[in-house]
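Biologist: I would like to know what stands behind the words used for a model like this. Please go through them with me.

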Amino acid sequence: MRPIEVVDRLGRWSSGRGPLYVLLASRLRTLIDDGQLPPGVLLPPDRVLAGALAVGRTTVVAAYDLLQAEGRITRRQGSGTRVTGVPTDAPTEEAPVDPLFLDSLEARDDDVLLAVCAAPGDPPPQLAEAFARIAPELGQIADDIGYYPYGVPALRQALADRYTVRGVPTRMEQVLVTNGGQQALSLLAHALVSPGDQVIVEAPTYPGALEVFREEGAVLRGLPVGLEGLETAVRERRPALAYVIPTYQNPTGAVLSALARQRLAAAGVPLIEDEVPADLAFPGEPSLTPIAAYGDTVISIGSLSKSIWGGLRIGWIRAAPPLINRLARLRAVHDLGGNVPTQLAAMHLLPLLDAPELHQTLKARHDHLHAQLTEHLPSWTVPPVAGGQCLWARLPYGDGTSFAQTALRNGLAILPGAGLDITGNSRPYIRLHFRAHPNSLTEAVTRLTKAWHAYHPPPTPTHPRPTIAI
């Protein structure tokens, strides 16, 4: 097991109270007992793991000694450190290792600021108002069991109308409502990807998409942001699918030109365009036409979770009707349909996507975080963006993974770039989001600065070997 995989599974291991070696041993113990580190797994050497965690070697040695005394691991010269435990004939299913998902599963710790998941920190007042407005509608429902695998028709039509206004003529039959953008990605990956299929992604990209494709057994191939060279890759590799975030790309904030969008639509491969960040433009930025306007094989996904609130699990897929029908059948097997009251409320919330307040707030918080980073961490390279929710910060030395461990011990959970880039080229980067309140952003920079002053990069890289790119 590579050190990066162990680090991802450890999560916020050092945020508790007590000696570091005790905290490390405790977290490893939990992973072993839960089967995430099954019997026979080879753990990293103490020196290598210490470098990945940005701690002294004695911390890892002491943690391993505790686990060895408990019988959970064995250590032998020449054969390394291996997990022991009670053997089982049942296969052990490994949980997702991406820090984005692991962080959401962790118990809340009031001493740690969370800068991993980029989403609004609290729901807008219009959310409660929307649910109040639909109460009479719910009271009038009769002879309706409430199962809508495609989504509530009125919301599907509203989303179709929104695409039409944006330059992509759309019928209701081309829209499927999902429980958030992540479910949209999961359904598409399950329907379109078989084990061994090649999927082309940007490097770096949204880590949740990488996990979805890996779950289906895809072979991921990386291209630069914007999928430059896609036409050649399609001819040479014949991939099953390509995935792109064309507007305010996560994590870089890049925006594709109209010409680049036309080029991707004509590349000759099914293309998922992730439009989740597309509604997060700063004031004055031009409206951008979706890639779906340039090709019938383009599949668009969107969501209200990043624009309105993460707890509002409303997403959607726009695609050709035959694919929508297939996805609806697949979705019905899992949950029969989405939450009807939430979908009815979402119809009243769609206008918020164009409300000036959303875009003004985004710009103000971006400017605040960028100014704080420029003042307190001037040696970092942090380009400003024109929309979205993330800043892609390059460290002047060291690597994002080991620095994230130092930041965690200073009370801040951040996302290192290595987990977002299958080519291994984003090792010096970290992703920071600006969706929090200004006072939280200020405190985050204070902790970042303290961590940076305490940071001692490891002498050897702590990231996995690059995946072969095309």
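What follows is a set of questions about terms, each answered from this structure.

Modeller: This is a predicted model, in which local features need pLDDT of at least 70, side-chain atom pairs count only at pLDDT 80 or more, and totals for chains, interfaces and linings use all residues. Residues are numbered from 1 along each chain as its sequence is written, and side-chain values use heavy atoms, with hydrogens and water left out.

Biologist: How many helices and strands are there in the protein chain?

Modeller: The protein chain has 16 helices and 15 strands. Both are DSSP runs numbered from the N terminus: helices are H or I with at least four residues, strands are E with at least two.

Biologist: What makes Tyr248 buried?

Modeller: Buried means under 20% relative accessible area, exposed means over 50%, and partly exposed is in between (1.4 Å probe, protein chains only). Tyr248 has a relative accessible area of 3%, so it is called buried. Arg238, with 75%, is therefore called exposed. In the protein chain, 53% of the 470 residues are buried.

Biologist: What is notable about phi in Arg238?

Modeller: Arg238 is not a glycine, yet its phi is positive, about 50°. Tyr248, also a residue other than glycine, has a positive phi near 55°. Most residues other than glycine have a negative phi, and most peptide bonds are trans. Arg238 sits in the loop between α10 (230-237) and β8, and Tyr248 in the loop between β8 and α11.

Biologist: Which peptide bond is cis, with omega near 10°?

Modeller: That is the bond from Ala203 to Pro204. Pro204 is in the loop between β6 (198-202) and α9 (207-215). A cis bond also joins Asn250 and Pro251, with omega about 20°. Pro251 is in the loop between β8 (241-244) and α11 (258-265).

Biologist: How do you know that the length of helix α7 agrees with the expected span?

Modeller: The expected span is 1.5 Å times one less than the number of residues. For the 13 residues of α7 (residues 153-165) that gives 18 Å, and the end C-alpha atoms are 18 Å apart, so the two agree. Leu155, Arg156, Leu159, Ala160, Arg162 and Tyr163 are buried in α7.

Biologist: Why are the buried residues of α7 said to line one face?

Modeller: Seen down the axis, they fall within an arc of 155°, so they line one face of the helix; the arc is that of the directions from the helix axis to the C-beta atoms. Their cover includes β5 (175-178), β10 (298-303), β11 (315-318) and α13 (340-349).

Biologist: Why is strand β12 called largely enclosed?

Modeller: In β12 (residues 390-394), 4 of the 5 residues are buried, so the rest of the structure largely encloses the strand. Its link to β15 (residues 429-433) is antiparallel, with 5 bridges. Two strands pair if DSSP finds at least two bridges between them. Arg394 stands opposite Tyr429 in β15.

Biologist: What makes β1 and β2 edge strands?

Modeller: The open sheet has 3 strands in the order β1-β3-β2, with antiparallel pairing. β1 (42-43) and β2 (73-76) each have a single partner strand, so one side of each lacks a neighbour in the sheet. Helix α4 (residues 57-69) packs on this sheet and touches β1, β2 and β3; contact means heavy atoms within 4.5 Å.

Note on methods: Axes fitted to C-alpha atoms, helices over the stretch in contact; angles between N-to-C directions.
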